[in-house]
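This briefing goes through the structure shown below, taking up its side-chain pairs, its chain fold and its chain-to-chain contacts in turn.

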Amino acid sequence: MSNGTTTTEKVIKVREPLFSPRNKKLIKDPLNDSNPITVQILGICSALAVTVQMKPSIVMALSVIVVTAFSNLVISLLRNSIPNRIRIIVQLTVVATMVILVDQVLKAFVYDVSKQLSVFVGLIITNCIVMGRLEAFAMGNKPWPSFLDGIGNGLGYGLILVLVSAVRELFGSGKLMGYQVVPDAAYKAGYFNNGLAILPPMALIIVGIIIWIQRSRNPKLIESK
Amino acid sequence: MEHVNIFVKAVFVENMIFAYFLGMCSYLAISKSVKNAVGLGVAVIFVLGVSVPVCYLLENYLLKPGALSWLSADFATVDLSFLSFIMFIATIAAIVQLVEMVVEKYAPALYAALGIFLPLIAVNCAILGGALFMQEREYATLGEATVFGLGSGVGWFLAIVAIAAIREKIRYSNVPAPLRGLGITFILTGLMGLAFMSFMGVKL
């Protein structure tokens with residue numbers, strides 16, 4: 001009997017379906033319970049600076065998803081041959097290569113957005129999400145789960161980015177994705193755009209409020225005093 | 001006078017944290033006590049003060065279009081600027097490693113106090129951000145680039161020490177439970193950012 005169970009276990013290990021529940025969890029978890037921005041405190045710098053309008057923040061989110069997913073994949077493939085002492089330099093080199101690729105693609109196809117993002121595409125290299133996931137996940141897991149983990153965390157990051165930028169663009173300039181949403185009649189009736197929403201500090205306050213809402217719905221995330 | 005202007009601008013007007021949100025991750029993670037915040041802040045000033053001028057030299061004598069013309073006239077059209085990310089980050093990682101070894105050898109007490117924060121500076125976006133802003137703004141001399149690096153470091157130092165002091169005090173207040181810790185720190189930083197915006201437009 002014991003022989004039989006071990007073989008079935010082996011079969012399960014070898015033929016784990018590509019989207020098994022465990023792998024799905026890797027994508028879903030970062031969207032809420034272990035969101036990189038609001039729970040793990042990773043990758044905040046760029047999240048706040050690019051969120052004045054929705055378009056650049058969506059481009060930024062896509063770039064981060066690509067970079068995290070593929071650098072997770074590469075590092076996970078290399079994980080057994082990287083000497084421990086110089087791993088940070090190896091990781092940074094892989095990430096920097098990915099970022100250069102993304103940067104050149106953006107410059108070639110969406111030049112105006114790439115100008116708007118200015119140094120922040122370059123700063124994906126030091127975006128703690130990428131390094132944090134490489135250290136915490138890709139160094140100890142197989143390529144496919146690592147790839148999914150990268151996509152999941154990129155999505156979680158993108159979700160917050162899009163939320164924050166939607167609020168800021170709606171209240172700050174009355175538009176969404178560059179199209180006017182607040183009708184002209186409202187402006188004539190005395191409605192004003194909230195200038196505060198365009199200023200950088202508002203991004204911090206919005207993220208603070210998102211954290212507040214998320215934690216009051218999900219009390220196990222509340223920090224002890 | 002130009003140098004003073006750049007310094008004041010880097011510390012107050014273009015503060016790394018309150019105007020650009022660079023280095024937020026360690027800023028949020030290490031600001032629980034003033035003592036650690038001071039240690040990390042000093043390390044950041046030092047690393048920025050060294051790595052920005054080094055990156056300036058790299059940029060002007062290696063990477064910029066035509067920067068290689070000091071080697072021979074044939075290289076006048078070579079443009080290596082697409083390599084700047086990888087060169088800058090490698091330089092910063094090397095300098096951080098160097099700083100870590102020097103501190104470990106000559107100031108073991110400080111080394112023990114800083115612990116994991118020292119190597120983490122390599123991935124502090126404020127450092128790479130400083131180098132990239134230096135590249136974007138095209139400072140005229142090495143002196144200006146150095147002053148900019150030091151100024152950004154001092155600005156970061158001020159910000160982290162200030163928030164650490166507030167967080168030490170706020171422990172005695174009754175913050176709503178879901179907002180405790182991270183949430184309130186975000187909102188506080190936002191309010192401090194608003195205060196720092198009053199420096200905007202200051203010219204010397």
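Is A:Asp103 buried or exposed? With a relative accessible area of 9%, A:Asp103 is buried, since the cut-off for that class is under 20%. The model is a predicted one, and the points below are grouped by topic.

**Salt bridges**

- Over all chains, the count comes to three salt bridges.
- A:Asp103 pairs with A:Lys107 in a salt bridge whose closest N and O atoms are 3.4 Å apart; both residues belong to helix α5 of chain A, where they are four residues apart, about one turn of the helix.
- A:Lys107 has a relative accessibility of 39% and therefore counts as partly exposed, whereas its partner A:Asp103 is buried.
- A salt bridge also joins the side chains of A:Asp149 and A:Arg133, at 3.0 Å from N to O, and this pair links distant parts of the chain, with A:Asp149 in helix α8 (residues 143-173) of chain A and A:Arg133 in helix α7 of chain A, 16 residues apart.
- A:Asp149 is buried at a relative accessible area of 3%, and A:Arg133 is likewise buried, at 13%.
- In chain B, B:Arg137 forms a salt bridge with B:Glu14, the closest N and O atoms being 3.2 Å apart; B:Arg137 lies in helix α7 (residues 125-137) of chain B and B:Glu14 in the loop between α1 (2-13) and α2 (24-29) of chain B, so that 123 residues separate the two.
- B:Arg137 has a relative accessible area of 26% and is partly exposed.

**Fold of chain A**

- Chain A contains ten helices and two strands, which follow one another along the sequence in the pattern α-α-α-α-α-α-α-α-β-β-α-α.
- Of its 225 residues, 45% count as buried, and the accessible surface of chain A comes to about 11,400 Å², with 67% of that belonging to carbon and sulfur atoms.
- Among contacts in chain A between residues at least 6 apart in sequence, 75% join residues at least 24 apart.

**Interface between chains A and B**

- In the contact between the chains, 41 residues of chain A meet 39 residues of chain B, and about 3,700 Å² is buried between them, 82% of it on carbon and sulfur atoms.
- Between chain A and chain B there are zero salt bridges and zero residue pairs in polar contact, where both residues are at pLDDT 80 or more.
- On the side of chain A that touches chain B, α3 (44-49), α5 (87-109), α7 (128-136) and α10 (200-217) each supply at least two residues, and α10(A) gives the most, with ten residues.
- The residues on that side of chain A divide into 27 nonpolar, ten polar and four charged.

Conventions
Residues numbered from 1 in each chain as written. Chains lettered and ligands numbered in written order. Predicted model: local features only at pLDDT ≥ 70, side-chain atom pairs only at ≥ 80, totals over all residues. Heavy atoms only, no water. Contact = heavy atoms within 4.5 Å. Buried area = accessible area lost by both parts, 1.4 Å probe. Salt bridge = Lys/Arg side-chain N within 4 Å of Asp/Glu carboxyl O. Polar contact = N/O pair within 3.5 Å; in protein donor to acceptor, adjacent residues only side chain to side chain. Nonpolar A, V, L, I, M, F, W, Y, C, P; charged D, E, K, R; others polar. Buried < 20%, exposed > 50% of the residue type's maximum accessible area, 1.4 Å probe, protein only. Areas by Shrake-Rupley, 256 points an atom, 1.4 Å probe, with all protein chains shown as cover.
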